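Please look through the sequence and the model shown here before reading on. The report that follows goes from single charged pairs to the core and then to the surface.

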Amino acid sequence: VAAGRVQEFACFTDYDKELVCHWKVPAQTNCSKEFLLYYRKNFFNLPNRVCIPENGKDNLKCTCTIYPDYFVSGLTYILALQFNGTDMWNYTVIPALVVKPRAPKNLAIGKAENGNFNLSWEESYSPSSMLSGQPVIYEVKYWRKQHPTEVSVKAINYQAKSFEITASSLRRGYDYVASVRCNYTDYPAYWSEWSEVVEFHYNYQVTAEDILQMAVPVACILVMAVSVICYFCFTK
């Protein structure tokens, strides 16, 4: 019965401050009363410490957050999940293999002289963090605010904290929304969540190209009209 109450047990870490483990449970489960998660480091003969889980927002998941003293590549945790006083199973997790980085922060956007938009952001790790300065790739997505399903996603496979959104990929007169996420290539298990969004507006400005596009059909219509008039004049 106990084993049937737990599904999809998994852990991930920001590799800086916390290791989060969660598992799916039936509705009306009281996580803090029914479960305990014991944990210890594998290379120290230390007593188990305990984490009391909390219910997730949807009440269909239990979540336990462990705050390690430090992170190193060889660190391994031995976990033991207990349900109503009964040991269910042991679980081994290596934080370096389940890194889910924090999303980029401080998104900003500005218009460049060439009419494109420069999107910039910052890394969410301080210089003392394990991930600070590590090779990282980003994904940028942007979409018209009124059409959130029509999303453009661009991969940035080089070290950069900015991206130029070309005006040619946008439609004039619309509000746009942009977001960024990251993945550290030496710790590739998970992408971060998408960052907080930034919004911008692409103003409608008539360009020489627009004038040319409008002038050509108008000129064709005028030529045809003059030709018709001349034809009738000559026939009379």
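## Charged pairs, core and surface

Arg-102 counts as partly exposed, because its relative accessibility is 25%, and this value, like every other one in this report, comes from a predicted model. The side chain of Arg-102 forms a salt bridge with Asp-16, in which the closest N and O atoms are 3.0 Å apart. This pair links distant parts of the chain, since Asp-16 is in the loop between strand E1 (7-13) and strand E2 (19-24), while Arg-102 is in the loop between strand E8 (86-93) and strand E9 (105-111), 86 residues apart. Asp-16 is also partly exposed, at 22% relative accessibility.

A search of the whole structure finds 7 salt bridges, and three of them are set out in the table below.

| Salt bridge | Closest N to O distance |
|---|---|
| Asp-16 and Arg-102 | 3.0 Å |
| Lys-41 and Asp-69 | 3.8 Å |
| Arg-181 and Glu-139 | 2.9 Å |

Arg-181 lies in strand E14 and Glu-139 in strand E11 (residues 136-144), so this salt bridge ties together parts of the chain that are 42 residues apart in sequence. Glu-139 is buried, with a relative accessible area of 16%. Salt bridges that share partners also join Asp-14, Asp-16 and Arg-102 into one network.

In the salt bridge between Lys-41 and Asp-69, the closest N and O atoms are 3.8 Å apart. Because Lys-41 lies in strand E3 and Asp-69 in the loop between E6 and E7, the pair ties together parts that are 28 residues apart in sequence. Is Lys-41 buried or exposed? Lys-41 has a relative accessible area of 13%, which is under the 20% limit, and therefore Lys-41 counts as buried. Its partner Asp-69, in contrast, is exposed, with a relative accessible area of 60%.

The next topic is the interior. The largest nonpolar core has 52 residues, and those with the most contacts inside it are Trp-23, Phe-35, Leu-37, Leu-79 and Trp-121. Strand E14 (residues 174-184) gives the most to this core, with 5 residues, and the core draws at least three residues from each of domain 1 (2-97) and domain 2 (105-202). In soluble globular proteins, nonpolar side chains tend to be buried together. Beyond its neighbours within four places in sequence, Trp-121 is in contact with a list of residues that includes Pro-104, Tyr-138, Val-140, Ile-156, Phe-163 and Val-180.

Ser-120 lies in strand E10 (residues 117-122) and counts as partly exposed, at 30% relative accessibility. Leaving out residues up to four places away in sequence, Ser-120 touches Asn-106, Leu-107, Ala-108, Lys-161 and Ser-162.

On the surface, Phe-43, Tyr-70 and Val-72 form a nonpolar patch with about 230 Å² of accessible area together. Tyr-70 is placed in the loop between strand E6 (61-66) and strand E7 (77-83), and with a relative accessible area of 31% Tyr-70 is partly exposed. Asn-42 is in the loop between strand E3 (35-41) and strand E4 (49-51), and at 38% relative accessibility Asn-42 is partly exposed. Apart from neighbours within four places in sequence, Asn-42 is in contact with Thr-76 and Ile-78.

For the protein chain as a whole, there are 2 helices and 15 strands, and 36% of the 236 residues count as buried. The accessible surface comes to about 14200 Å², of which 55% belongs to carbon and sulfur atoms.

Note on methods
Residues are numbered from 1 along each chain as its sequence is written. This is a predicted model: local features need pLDDT of at least 70, side-chain atom pairs count only at pLDDT 80 or more; totals for chains, interfaces and linings use all residues. Side-chain values use heavy atoms; hydrogens and water are left out. Patches are made of residues with over 30% relative accessible area and no salt bridge: like charges are joined within 9 Å, nonpolar side chains (Val, Leu, Ile, Met, Phe, Trp, Tyr) within 5 Å. Accessible areas come from the Shrake-Rupley method with a 1.4 Å probe; for residues, only the protein chains shown count as cover. A salt bridge is a side-chain nitrogen of Lys or Arg within 4 Å of a carboxyl oxygen of Asp or Glu. Helices (H or I, at least four residues) and strands (E, at least two) are DSSP runs, numbered from the N terminus. Buried means under 20% relative accessible area, exposed over 50%, partly exposed in between (1.4 Å probe, protein chains only). A nonpolar core is a set of buried Ala, Val, Leu, Ile, Met, Phe, Trp, Tyr and Cys residues joined through side-chain atoms within 4.5 Å. Domain bounds come from an automatic or database domain assignment. Contact means heavy atoms within 4.5 Å.
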